[in-house]
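Reader: I am new to this structure and would like a close look at a single part of it, with enough of its surroundings to see where that part belongs. Could you take me through it slowly?

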Amino acid sequence: MQRRDFIRVAAGAGAGLTLALVLDGCRGEPIPDAPSDAFAPNAWLRIAPDGTITVMVDRSEMGQGISTALAMLVAEELDADWATVRYQFAPANEVYFNPAMKIQATGGSTGVRAAWGPLREASATARAMLVAAAARRWQVPPGDCQTELGRVHHGSSGRSAGFGELADAAGREPMPSGVTVKKPEAFRLIGKPIRRLDVFEKVTGRAEFGLDAGPRD
């Protein structure tokens, strides 16, 4: 990191801890390819045919619960079933830059603030594509469909389809623009106590930390 960049980031982080990843050769690391049968409308989420939703977390988990917090933003706007949500840490790539710092960094209490708009809009876009796929399948207007707990419903006919069932078709839908995100009064997950996604890995010793990297005796 250049001295000028370090000063700028340190000032922006205030008293918070900042972990920046700007190593030479890492800036262009490719985004992990989603499985060919998964719905991956953007860099932030993948929906598999079995309905599993994987959220790409682009912040470092330091005990603050960011892997769960960012997944909650995605799940909220998708109207996902929390039981189907998983997370994966994102690689070094400019698409995952923290917009508050202009580099891929964690600190200054910017994790959720910086992701609040982009992740919700990305997830609302994915939800719109899932709804469009269901509406096309049923030959009904998209406005007549609703989403809830990982499914798209058509109330008047009683038909419904899971996000996994719609994943392939949703991937062929055009990318919508100008999507509308939820109003706070409609939140089902955000602001509620919820099971953290990383607890099981930590209590079972499966979680990997920085000290686990490199050669082992």
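Author: In strand S6, which covers residues 145-148, the side chains alternate between two faces. Cys 145 and Thr 147 point to one face and are buried, while Gln 146 and Glu 148 point to the other face and are not buried. This follows a general pattern, for in a regular strand the side chains alternate between the two faces of the sheet. The model described here is a predicted one, with a mean pLDDT of 83 for the protein and with 81% of its residues reaching 70 or more.

The partner of S6 is strand S7, and the two pair in the antiparallel sense over four bridges. At one of these places Glu 148 stands opposite Arg 151 of S7, and at another Cys 145 has His 154 of S7 as its bridge partner. The two strands form a hairpin with two residues between them, and in this hairpin Leu 149 takes a positive phi near 50°.

Strand S7, made of residues 151-154, has the highest mean pLDDT among the elements of the protein, at 97. S7 also has two faces, a covered one with Val 152 and His 154 and an uncovered one with Arg 151 and His 153. Taken together with the pairing, this places Glu 148, which is not buried, opposite Arg 151, a residue of the uncovered face of S7. In the other pair, Cys 145 is buried, and its partner His 154 belongs to the covered face of S7.

On from S7 comes strand S8, residues 159-162, which is joined to S7 by four bridges and runs antiparallel to it. His 154 stands opposite Arg 159 of S8, so that His 154 has a bridge partner in S6 as well as one in S8. S7 and S8 form a hairpin of their own, with four residues between the strands, and Gly 158 in the turn has a positive phi of about 80°.

Helix H4 covers residues 163-170, and it is mostly covered, since six of its eight residues are buried, which here means under 20% relative accessible area. The buried residues of H4 are Phe 163, Gly 164, Leu 166, Ala 167, Ala 169 and Ala 170. Where does the neighbouring helix H3 lie with respect to H4? Helix H3, residues 111-138, packs against H4 at an angle of about 90°, with the two axes 9 Å apart, which means that H3 is roughly perpendicular to H4. On the side of H3 the contact is made by Met 129, Leu 130, Ala 133, Ala 134 and Arg 137, and on the side of H4 by Phe 163, Glu 165, Leu 166, Ala 169 and Ala 170. By class, this contact has eight nonpolar and two charged residues, and no polar ones.

Elsewhere in the model there is an open sheet of three strands, in the order S2-S3-S4, with mixed pairing. Its edge strands, each pairing on one side only, are S2 (45-47) and S4 (85-89), and neighbouring strands are turned by 25° against each other on average, direction ignored. Strand S3, residues 53-57, runs parallel to S4 and is joined to it by five bridges, with Tyr 87 of S4 as the bridge partner of Val 55. Helix H2, residues 66-78, packs on this sheet and touches S2, S3 and S4, its direction making about 130° with that of S3.

Two buried loop residues complete this view. Gly 65, in the loop between S3 and H2, is buried with a relative accessible area of 9%, and its C-alpha atom is separated by 8.1 Å from that of Asp 198, although the two residues are 133 apart along the chain. Asn 98, in the loop between S4 and strand S5, is buried with a relative accessible area of 0%, and its contacts include Arg 59, Ile 103 and Ala 114.

A word of caution concerns residues 6-30, over which pLDDT stays under 50. Strand S1, residues 19-20, has the lowest mean pLDDT among the elements, at 34. Where pLDDT is low, the predicted coordinates should not be read in detail.

Conventions: Residues numbered from 1 in each chain as written. Heavy atoms only, no water. Axes fitted to C-alpha atoms, helices over the stretch in contact; angles between N-to-C directions. Contact = heavy atoms within 4.5 Å. pLDDT = per-residue confidence, 0-100. Parallel < 35°, antiparallel > 145°, perpendicular 65-115°, else oblique. Nonpolar A, V, L, I, M, F, W, Y, C, P; charged D, E, K, R; others polar. Buried < 20%, exposed > 50% of the residue type's maximum accessible area, 1.4 Å probe, protein only. Lists of a residue's contacts leave out its neighbours within four places in sequence.
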